[in-house]
Amino acid sequence: MTIITTPLLILDSAGKPANGFIPGQQTARHIVAAGLVTQTMFRGIIRDGQIFGPDGVNPLNLPPTPAGQAVQLWEILIESDLNGRPREHVTTRLVTIPNVASVAYTDLVDVEATPPSGTWVVPPFVQQLIDGIETVNTAVTAAQTAATAASQTAAAAATIHFDKDNIGTDGLASLGQSNTHYGNGVDTGRLDRPQDRIKEFPISGS
């Protein structure tokens, strides 16, 4: 059996210790060492912000829930309406009870059922947070990969240059010019010497 403790008191909206009840019910029958746990309801008591068993003195003890099952709790706090008359404020929880000696009420994990299987799972909003973290990690990895690829491409582009001493008339012709005379007045007949090629057809960036 697991003892439900309240190291953090249950408070009302004014921050004062609340009073009320905390009944509950298993979502399915199951067997524990002590016997068969049924779906009959139990009732705990909330007094001065603390949870007690049905007698209001001893702690509330609950059997651990098997995988795929849960306990439905109704947190019923007594409050006063605008006319000072008492009324109940009810909060419903679906939780799993871990197989430990004791667990704080605030540490109980809230779960919910999925229609296909009827098992109890982490709520969608929690799963969205988990998925969001995974998406961010994937995006960071992709950005790092892209940055690395861009850096490698830039490095490769920086190594490309023209060798003006060996460009030759064939190389000039590949630029769409005539082999005999160019629009800038360069006569290919004088490009037989490296020094003439450099003088009459200068290459920028050299």
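These are my notebook entries on a sheet, a nonpolar core and one histidine in a predicted model.

**Entry 1: the sheet**

I began with the strand order, and I read an open sheet of six strands running β6-β5-β2-β8-β9-β11, with antiparallel pairing. I then looked for the edges, which are β6 and β11 (109–110), since each of these strands pairs on one side only. As a reminder to myself, strands of a sheet pair through backbone hydrogen bonds, either parallel or antiparallel.

**Entry 2: β5 and its two partners**

I next followed β5 on both of its sides. Towards strand β2 (residues 20–26), I find that β5 (residues 42–47) pairs in the antiparallel sense over five bridges. To fix the register I noted two positions: G20 stands opposite I46 in β5, and G24 stands opposite F42 in β5.

Towards strand β6 (residues 50–52), I find β5 joined by three bridges, and these two strands run antiparallel. Here I noted that I45 stands opposite F52 in β6. I also looked at how the chain passes from one strand to the other: β5 and β6 form a hairpin with two residues between them, and D48 in that turn has a positive phi of about 55 degrees.

**Entry 3: the largest nonpolar core**

Which residues of the largest nonpolar core touch the most other members? I find that I4, I51, L73 and Y105 do so, in a core of 17 residues. Looking at which strands contribute, I see that β5, β7 (60–62) and β8 (71–80) each supply at least two residues of this core, and that the largest share, three residues, comes from β8.

I then took I4 by itself and listed its contacts, leaving aside residues up to four places away in sequence: I4 touches I51, L60, L62, I97, V103 and Y105. Two of the names on that list, I51 and Y105, are also among the core residues that touch the most other members.

**Entry 4: H30**

I turned last to H30, which is found in strand β3 (residues 30–32). Is H30 buried or exposed? Its relative accessibility is 7%, and because buried means under 20%, H30 counts as buried.

I then asked what the side chain of H30 meets there, and I found two polar partners. The side chain of H30 reaches the backbone oxygen of A28 at 3.4 Å, and a polar contact of 3.2 Å joins the side chains of H30 and Q69. Leaving out residues up to four places away in sequence, I list G35, L36, V37, P64, P66 and Q69 as the residues that H30 touches, so that Q69 appears both in this list and in the side-chain polar contact.

How values were computed: Residues numbered from 1 in each chain as written. Predicted model: local features only at pLDDT ≥ 70, side-chain atom pairs only at ≥ 80, totals over all residues. Heavy atoms only, no water. Pairing = 2+ DSSP bridges. Helix = DSSP H or I, 4+ residues; strand = E, 2+ residues; numbered from the N terminus. Core = buried A, V, L, I, M, F, W, Y, C linked by side-chain atoms within 4.5 Å. Buried < 20%, exposed > 50% of the residue type's maximum accessible area, 1.4 Å probe, protein only. Contact = heavy atoms within 4.5 Å. Polar contact = N/O pair within 3.5 Å; in protein donor to acceptor, adjacent residues only side chain to side chain.
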